[in-house]
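Biologist: Please take a close look at the ligand site. I would like to know what lines it, and how the parts around it are built.

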Amino acid sequence: MADVYLIGAGPGDPGLLTVRAKELIETCDIVVYDYLANAEFLSYARPDAEIIYVGKKGGDHTLPQDKINDLLVDRASQGKSIARLKGGDPYVFGRGGEEAEELIAAGLTFEVVPGITAGVAAAAYAGIPVTHRDHTTSVCFITGHEDPTKEKSGHNWDVYAKSTSTLVFYMGVGNLPMIAEKLISGGRDPKTPAALVRWGTRCTQESMVATLETVADEAARRGFKAPSIIIVGGVCSLADKLSWFEKRPLMGKGVVVTRAREQASGFADTLREMGACAFQFPTIEINPLPDYAEVQAAIGQIENYDWLVFTSVNGVLKFWEQLDGMGLDTRVLGGRKVAAIGPATAEALVARGVRPDFVPPKYVAESVVAGLIERGVGQGTKVLIPRARVAREVLPEELSKAGADVTVLPVYETGLNEDGPEELVAKLDAGDIDYVTFTSSSTVENFFQLLAPEKLKQYPDVKLACIGPVTAKTLAEYGFTPDIQPEDYTIPALAAALAND
Ligand code: SAH
């Protein structure tokens, strides 16, 4: 056990964190992070962990380096374990070495967790391998922003210029004209390919390839700013051929996910894999019931039912929570037939050892009813529907009409998530949102309780996507028609429809 962990948080893509780093964020008492460390990782921290932002964006230091050092020493001396997160790798232009020296001087112990450095990762995500046998035998990491108080430059521009190395500059955008000029005047061919990658590995990644003689003008024209990596060398000519990340269908598109946080991660992950910048704005809160006596009673007499019909993943989750709590397991379902209203619900059942007897081809209540009747549900069939307290009544009503003896069993409640819309509005104002997605009528209703319809109308370029006709109808009640609506009423189909747009 060390006192302080100097952790590389990688270049930004949440998947590019090491297993060791995640483990430490999950267990440390304090997490200290800066500008380039993806704030998403903070969700791994313990709920009671202290989170400290120490900033650093260009020259604007939230905390100067000596104060950061003091903070680490001070907190660690109190016996608190510290995860010190830094963008990329802590020892590559991360001042991790200085922090380690301070810790040693204070008699503290530390461990270093290397991270994926931006110079390698941003390049790879832009289609540039930093080495390639046809182009170079070495790679050189260079700061493009030397400490301005340094009397004598540590750079030997002539060596860089004459080498055949791939040159990777960090913190160099501001000095790009000078860098290009020094390399050319030192003897590098002005036609050498040169690339910039901004916000590499993130959904907002942008890249460009030019030549040493054009790169500074081109970067200025396109408005490239920090944080960007500059890469110089023949390997940059491969970018066109090897580009993959920026080709994702939803690359850079801002997509709002309105479903409950508990349900949102699957959808958000799918969107991210398609390149989108998924923004979670959960409109629904999933709450447990104040009392589960009724649920436990139903489970106690489960053999009285012929069919169990699950209408949501949450219904499955909450039902099994009670089963578990009663010291029971899936075996109590014994000979019951089981239906799932859609593929996600079916998956949740399969994960609990239940292969549903019926999953309707169209994922709406009406087709569940038809399918169940086809499978023999009728006069006197006992059907149990574990679901949210308030939900559409079509399913129980239609099954009752068919003669079934239906019991609706509330296993959870949904409510309005009252977190304010400030962050969403800021993103809308900044033009960062391209789509808002609605995956149920209640997401629509709750969304407009949090953000007035008139307000949304102020952003006519933002497209609205609905999972199915019922949701679209609710949207119409607020004066909107969906721009996107998939054929299949599923989350993957909705994601695919966005990609096709
Ligand atoms: N320790 C970090 C580097 C910190 S210096 C690492 O190993 O990656 C800060 C500089 O890193 C930025 O100015 C920029 O040049 C580069 N950088 C960091 N993250 C980046 C990213 N996602 N995309 C492009 N450049 C990045």
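Modeller: Start with the spacing of the domains. The C-alpha centres of domain 1 and domain 3 lie 35 Å apart. This is a predicted model, so read every value as computed. The domain assignment gives four parts: domain 1 (4-115), domain 2 (120-247), domain 3 (254-283 + 417-500) and domain 4 (287-415). Domain 3 is thus written as two segments, 254-283 and 417-500.

Now the ligand. Where does it sit relative to domain 1 and domain 2? It lies between them, because both domain 1 (4-115) and domain 2 (120-247) give residues to the shell around the ligand. The ligand is surrounded by 17 residues. Asp89, Val92, Thr117, Gly200 and Ser228 are the closest. By class, the shell holds eleven nonpolar residues, five polar ones and one charged.

Next, the polar contacts through the backbone. Asp89 places a backbone N or O atom 2.8 Å from a ligand oxygen. Met171 has a polar backbone atom 2.8 Å from an oxygen atom of the ligand. At Gly200, a backbone N or O atom lies 2.7 Å from a ligand nitrogen. Taken alone, the ligand exposes 550 Å², and the protein buries 93% of that.

Two backbone details deserve a check. Phe93 has phi near 50°, a positive value in a residue other than glycine. Phe93 sits in the loop between strand E4 (82-86) and helix H3 (96-105). Val92, one of the closest residues to the ligand, comes just before Phe93 in the numbering. The second detail is a cis peptide bond from Ala226 to Pro227, with omega near -5°. Pro227 belongs to the loop between helix H7 (215-221) and strand E10 (228-232). Ser228 is another of the closest residues to the ligand.

Strand E4 leads into a sheet. Five strands form this open sheet, in the order E3-E2-E4-E1-E5, with parallel pairing. Strand E3 (50-55) and strand E5 (110-113) stand at the edges. Each has a single partner strand, so one side of each is left without a neighbour in the sheet. From one strand to the next, the twist averages 15°. Strand E2 (residues 30-34) runs parallel to E3, and five bridges join them. Within that pairing, Tyr33 has Tyr53 of E3 as its bridge partner.

For a contrast, take another sheet of the chain. Five strands again form an open sheet, here in the order E13-E17-E16-E14-E15, and the pairing is mixed. Its edges are strand E13 (284-287) and strand E15 (337-340). Both have a single partner strand, so each keeps one side without a neighbour in the sheet. Neighbouring strands here are turned by 25° against each other on average, direction ignored. Strand E16 (residues 382-388) and strand E17 (residues 405-416) pair in the parallel sense, over seven bridges. Val383 has Val406 of E17 as its bridge partner.

Back to the site, in short. The ligand lies between domain 1 and domain 2. Backbone atoms of Asp89, Met171 and Gly200 approach its oxygen or nitrogen atoms. Of the area it exposes alone, 93% is buried by the protein.

Terms used
Residues numbered from 1 in each chain as written. Predicted model: local features only at pLDDT ≥ 70, side-chain atom pairs only at ≥ 80, totals over all residues. Heavy atoms only, no water. Near = heavy atom within 4 Å. Polar contact = N/O pair within 3.5 Å; in protein donor to acceptor, adjacent residues only side chain to side chain. Areas by Shrake-Rupley, 256 points an atom, 1.4 Å probe, with all protein chains shown as cover. Nonpolar A, V, L, I, M, F, W, Y, C, P; charged D, E, K, R; others polar. Domains from an automatic or database assignment. Pairing = 2+ DSSP bridges. Helix = DSSP H or I, 4+ residues; strand = E, 2+ residues; numbered from the N terminus. Axes fitted to C-alpha atoms, helices over the stretch in contact; angles between N-to-C directions.
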